[in-house]
Amino acid sequence: MKITLVRHGQTESNYLEICQGSSNVLLNDTGRRQCQKLREKIKNKHYDVCYMSPLVRAVETAMILIGERVETSMDKRLTEREMGDFEGKSRSEYDSKKYWDY
């Protein structure tokens with residue numbers, strides 16, 4: 001059995017260095033281009049099934065990569081975990097000393 005692991009394409013949160021955790025964020029144009037480029041590389045590979053997180057960035061990535069040619073299955077166990085107080089904050093905010101002073 002061979003398994004191919006793919007991380008979702010870039011989102012605006014990735015670009016802005018905002019911790020997205022389990023927030024439902026779409027791919028940005030760069031992320032869509034990244035997926036289209038990978039789609040070209042894997043277009044002749046056979047896959048039996050594609051498992052994905054139900055987060056829209058993962059679903060959008062999978063649909064660009066494999067579209068209707070492969071059976072898909074959403075699995076909530078693949079959802080990125082929530083990041084608590086860090087979720088939705090920029091790197092400069094969560095790297096700030098205020099979170100690490102005890």
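## Asp-75 and the salt bridges of this model

Let's start with one residue: Asp-75 sits in the loop between β2 (71–74) and α4 (91–94). Helices (H or I, at least four residues) and strands (E, at least two) are DSSP runs, numbered from the N terminus. This is a predicted model, in which local features need pLDDT of at least 70 and side-chain atom pairs count only at pLDDT 80 or more, while totals for chains, interfaces and linings use all residues. Residues are numbered from 1 along each chain as its sequence is written, and side-chain values use heavy atoms, with hydrogens and water left out.

Is Asp-75 buried or exposed? Asp-75 is buried, because its relative accessible area is 16%; buried means under 20%, exposed over 50%, and partly exposed in between (1.4 Å probe, protein chains only). Leaving aside residues up to four places away in sequence, Asp-75 touches Met-52, Ser-53 and Pro-54, where contact means heavy atoms within 4.5 Å. The side chain of Asp-75 also makes a polar contact with the side chain of Arg-77, at 2.6 Å. A polar contact is a pair of N or O atoms within 3.5 Å; within protein, one must be able to donate a hydrogen and the other to accept it, and residues adjacent in sequence count only if both atoms are side-chain atoms.

Now to the charged pairs. Side chains of opposite charge can pair when their charged atoms come close. A salt bridge is a side-chain nitrogen of Lys or Arg within 4 Å of a carboxyl oxygen of Asp or Glu, and by this rule the count comes to five salt bridges. The table shows some of them.

| Salt bridge | N to O distance |
|---|---|
| Arg-32 and Glu-60 | 2.7 Å |
| Lys-43 and Glu-40 | 3.1 Å |
| Arg-57 and Glu-80 | 3.2 Å |

Which parts of the chain does the pair of Arg-57 and Glu-80 link? Arg-57 belongs to helix α3 and Glu-80 to the loop between β2 and α4, distant parts of the chain, with the two residues 23 apart. Arg-57 counts as buried at 1% relative accessibility, whereas Glu-80 is partly exposed at 30%. Another set of salt bridges shares partners and joins Asp-29, Arg-32 and Glu-60 into one network. Within that network, Glu-60 is buried, because its relative accessibility is 18%, and Arg-32 is partly exposed at 25%. For the remaining pair in the table, Lys-43 is partly exposed at 45%, and Glu-40 is partly exposed with a relative accessible area of 45%.
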